[in-house]
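Visitor: Got a minute to walk me through this one? I'd like to start with the charged pairs.
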Amino acid sequence: NEYKSYLRIITMKLKLYKEVSSKLEKFKFSSDIPIDKLLHHYDIPRNTILAILSQLIQRKIKKIFYQCNDLQIKEEHYRMYNAEHHNSKRGIYELAQKLGMPPVLLTWNILELVLCDRGSVSNLLKDPLKIPDLVLREQVTFCLDHDTTYGPNVNVIRKLMGDEYELVLKDRLRLMQIPFKDEHILRKEGYDKTPDFLLSVPIAVDGHVINWIESKASFGDEYTHRQYLQNQYWSYWNRFGAGLIIYWFGFIDELGDDIKGKGLFLRDSMPENVIKLV
């Protein structure tokens, strides 16, 4: 029953994904997204919508990251902060809303200009209580607490979610009595790029041989999947053969069609009916 709580996921056609993502792309940083309206309109689980939104946000951040780190732009933002927002508890947060950028990214840039030391900025974002200026400390803390798109808190949540779903899959493999080596064991054995689970005995899924399994606590969209193919999946395939990729929050149907003939197979959970090839 506990495992089944992770299975309320769907795949979707590319056309539907584009329709949903086009609505989500209209979001602004630090503003509430009308998730409930989308859930009412589409028969899509909340976690899938949130996963798609998270990936769109990360891509949007990449687009503005270099622009926002230009020294002249940083100095202009700092001037605006000093002129209008430096005394308000929500000063940095409100300016970030006005500028259309993640509050924690703006916080980083302002602290960097105040301290002139990137190393100190990183430490203070991890422990804002060390900021001596009380108003600035409140502003930084507010941004860290309310920025759901960027920053150390978001990174921790993303890491914990990935670990949770890996643990779910590990428990499932043990329950199914499928022997495996996880990535920690494989790295001790000298492998650099490793899947989450290399099967000690191959299994067959829908007539296809599977040698390894990768767990992704995300939605498999075109961009994300293409990046993983280039950076991970093809390396695993070259070294270990055919593999299974689990996108726990679903994936675009057509992506599975594109690669299944090449020895990579997509699912949104661990298949129930597998054959151990002893």
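Visitor: Which residue does the side chain of glutamate 76 meet in a salt bridge?
Guide: The partner of glutamate 76 is arginine 79, at 2.8 Å from N to O. A salt bridge here is a side-chain nitrogen of Lys or Arg within 4 Å of a carboxyl oxygen of Asp or Glu. Before we go on, this is a predicted model, where local features need pLDDT of at least 70 and side-chain atom pairs count only at pLDDT 80 or more, while totals for chains, interfaces and linings use all residues. Residues are numbered from 1 along each chain as its sequence is written, and side-chain values use heavy atoms, with hydrogens and water left out.

Visitor: Where do glutamate 76 and arginine 79 lie?
Guide: Both are in helix H4 (residues 71-85), three residues apart, which is about one turn of the helix. Helices (H or I, at least four residues) and strands (E, at least two) are DSSP runs, numbered from the N terminus.

Visitor: Is glutamate 76 buried or partly exposed?
Guide: Glutamate 76 is partly exposed at 35% relative accessible area, and arginine 79 is partly exposed too, at 47%. The cut-offs are under 20% for buried and over 50% for exposed, with partly exposed in between (1.4 Å probe, protein chains only).

Visitor: What does aspartate 192 pair with?
Guide: The side chain of aspartate 192 meets that of arginine 239 in a salt bridge, 3.3 Å from N to O. Aspartate 192 sits in the loop between helix H10 (183-188) and strand S2 (197-205) and arginine 239 in helix H11 (residues 222-240), so the pair ties together parts that are 47 residues apart in sequence. Aspartate 192 counts as exposed, at 56% relative accessibility, and arginine 239 as partly exposed, at 46%.

Visitor: And glutamate 214, what does that form a salt bridge with?
Guide: With lysine 216; the closest N and O atoms are 3.1 Å apart. Glutamate 214 and lysine 216 are both buried.

Visitor: How many salt bridges are there in the whole structure?
Guide: The search finds 14.

Visitor: OK, zooming out. How many helices and strands does the chain have?
Guide: Twelve helices and six strands. The C-alpha atoms fill a box of roughly 70 × 45 × 35 Å along the principal axes. Of the 278 residues in the chain, 45% are buried.

Visitor: Switching to pockets. How much space lies in the second largest pocket?
Guide: About 280 Å³. On a 1 Å grid over the protein atoms alone, a pocket is an open set of points where a 1.4 Å probe fits, with protein on both sides within 12 Å along at least five of seven lines; lining residues have an atom within 4 Å of a point. Points are joined across faces, edges and corners, and the volume is the space filled by probe spheres set on them.

Visitor: Which residues lie nearest the centre of that second largest pocket?
Guide: Trp108, Tyr150, Gly151, Pro152 and Asn155, out of 17 lining residues. Helix H3 (46-68), helix H6 (103-115), helix H7 (118-126) and helix H9 (152-175) each supply at least two residues of that lining.

Visitor: How many of the lining residues are nonpolar?
Guide: Eight are nonpolar, with six polar and three charged. Ala, Val, Leu, Ile, Met, Phe, Trp, Tyr, Cys and Pro count as nonpolar, Asp, Glu, Lys and Arg as charged, and the others, Gly among them, as polar.

Visitor: Any backbone oddities? What is phi for glutamine 177?
Guide: Near 60°, a positive value in a residue other than glycine. Most residues other than glycine have a negative phi. Glutamine 177 is in the loop between H9 and strand S1 (180-182), and counts as exposed at 61% relative accessibility. Aspartate 206 also has a positive phi, about 50°. Its place is in the loop between S2 and strand S3 (208-216), where aspartate 206 is exposed at 58%.

Visitor: Last one: where is isoleucine 252?
Guide: In the loop between strand S4 (243-247) and helix H12 (253-259). Isoleucine 252 is buried, with a relative accessible area of 1%. Isoleucine 252 and phenylalanine 240 are twelve residues apart in sequence and 25 Å apart in space, C-alpha to C-alpha.
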